[in-house]
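The following exercises introduce a protein model step by step. Each consists of a task and a worked solution, to be followed with the structure in view.

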Amino acid sequence: MKGSTLPFDGTPEQEAKLRTKLRELKHTDGALMPALQFAQGLYGYLPYEVQNIIAEELNVTLSEIYGVATFYSQFSLFPKGKYKIGICLGTACYVNGSQDIYDKLQSLLGIGNGECTADRLFSLDATRCVGCCGMAPVMTVNDDVYGRIKPGDVEGILNKYRERG
């Protein structure tokens, strides 16, 4: 099971909240989805350590948790950065060069799809249509939208966010 290479930084308070919620849900039909949603909200992602707690408390297998967590796009096995970068790989963006932009981002950040930089500043996700086809190719950073970008624009955009910290 592939997970984050970043160290888990959950707190005892988070674990206590999670275990309390899981004990409330334990005898509820379909408890796994609300358990995963709660854990995702609490930690921001579903690290292996959290999956183990859920498995233990709900008496379900890790493979069942992994199957649900990787099936639904609302869940992430990786932490997200302060700046969440999305690169549209939908048709309009792809034919206009978004793959080159995505490759440049992976190279500059040293991370792959769904991953987060070691400093937790950036995370990267390949996305599908963001509804800005007329601006293709499109990259988003949190709520900021960058259209008609070229690979040469990427480093400057990243530096803008690095300066913000």
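**Exercise 1.** Determine the surroundings of Thr-117 in this predicted model.

*Solution.* Begin with the side chain: that of Thr-117 reaches the backbone nitrogen of Leu-121 at 3.3 Å. Next, locate the residue along the chain; Thr-117 lies in the loop between helix 6 and strand 2. Then consider its accessibility. Residues under 20% relative accessible area are classed as buried, and Thr-117, at 7% relative accessibility, therefore counts as buried. Finally, list its contacts, not counting residues up to four places away in sequence: Thr-117 touches Leu-6, Leu-109, Ile-111 and Phe-122.

**Exercise 2.** State the strand order of the open sheet and identify which strands stand at its edges.

*Solution.* The open sheet has four strands in the order 2-1-3-4, and their pairing is mixed. Strand 2 (122-127) and strand 4 (144-147) each have a single partner strand, so one side of each lacks a neighbour in the sheet. From one strand to the next, the twist averages 20°.

**Exercise 3.** Describe how strand 3 pairs with strand 1 and with strand 4.

*Solution.* Recall that strands of a sheet pair through backbone hydrogen bonds, either parallel or antiparallel. Strand 1 (residues 83-88) pairs with strand 3 (residues 138-141) in the antiparallel sense, over three bridges. Within this pair, Ile-87 stands opposite Met-139. Turning to the other pair, strand 3 and strand 4 are also joined in the antiparallel sense, over four bridges. Here Val-141 faces Asp-144 of strand 4. The hairpin that these two strands form has two residues between the strands, and in it Asn-142 takes a positive phi near 50°.

**Exercise 4.** Which strands does helix 7 touch, and which of its residues are buried?

*Solution.* First, consider the packing. Helix 7 (residues 151-164) packs on the sheet and touches strand 1, strand 2, strand 3 and strand 4, while its direction makes about 160° with that of strand 4. Second, find the buried residues of helix 7, namely Val-154, Ile-157, Leu-158 and Tyr-161. Because these residues cover an arc of only 100° around the axis, they lie on the same side of helix 7. Third, examine the other side of the helix, where Gly-152 and Glu-163 are exposed. Fourth, ask what covers the buried residues of helix 7: the cover includes helix 6 as well as strand 1, strand 2, strand 3 and strand 4. Last, note what comes after the helix: helix 7 is followed by Gly-165, whose phi is positive, near 80°.

**Exercise 5.** Identify the elements that contribute two or more residues to the largest nonpolar core, and then find a further core.

*Solution.* As background, nonpolar side chains in soluble globular proteins tend to be buried together. In this model the largest nonpolar core has 23 residues, and those with the most contacts inside it are Leu-18, Leu-32, Leu-36, Leu-46, Ile-54 and Leu-58. Two or more residues come from each of helix 1 (12-25), helix 2 (32-43), helix 3 (48-58) and helix 4 (62-71). Helix 2 gives the most to this core, with six residues. Take Leu-32 as an example: leaving aside neighbours within four places in sequence, Leu-32 is in contact with Ile-54, Leu-58, Val-60, Glu-64, Ile-65 and Val-68. Apart from this core lies another, of 20 residues, among them Ile-87, Met-139, Val-141 and Ile-157.

Definitions and conventions. Residues are numbered from 1 along each chain as its sequence is written. This is a predicted model: local features need pLDDT of at least 70, side-chain atom pairs count only at pLDDT 80 or more; totals for chains, interfaces and linings use all residues. Side-chain values use heavy atoms; hydrogens and water are left out. A nonpolar core is a set of buried Ala, Val, Leu, Ile, Met, Phe, Trp, Tyr and Cys residues joined through side-chain atoms within 4.5 Å. Buried means under 20% relative accessible area, exposed over 50%, partly exposed in between (1.4 Å probe, protein chains only). Contact means heavy atoms within 4.5 Å. Two strands pair if DSSP finds at least two bridges between them. Axes are lines fitted to C-alpha atoms, for helices over the stretch in contact, and angles run from 0 to 180 degrees between N-to-C directions. The arc is that of the directions from the helix axis to the C-beta atoms. A polar contact is a pair of N or O atoms within 3.5 Å; within protein, one must be able to donate a hydrogen and the other to accept it, and residues adjacent in sequence count only if both atoms are side-chain atoms.
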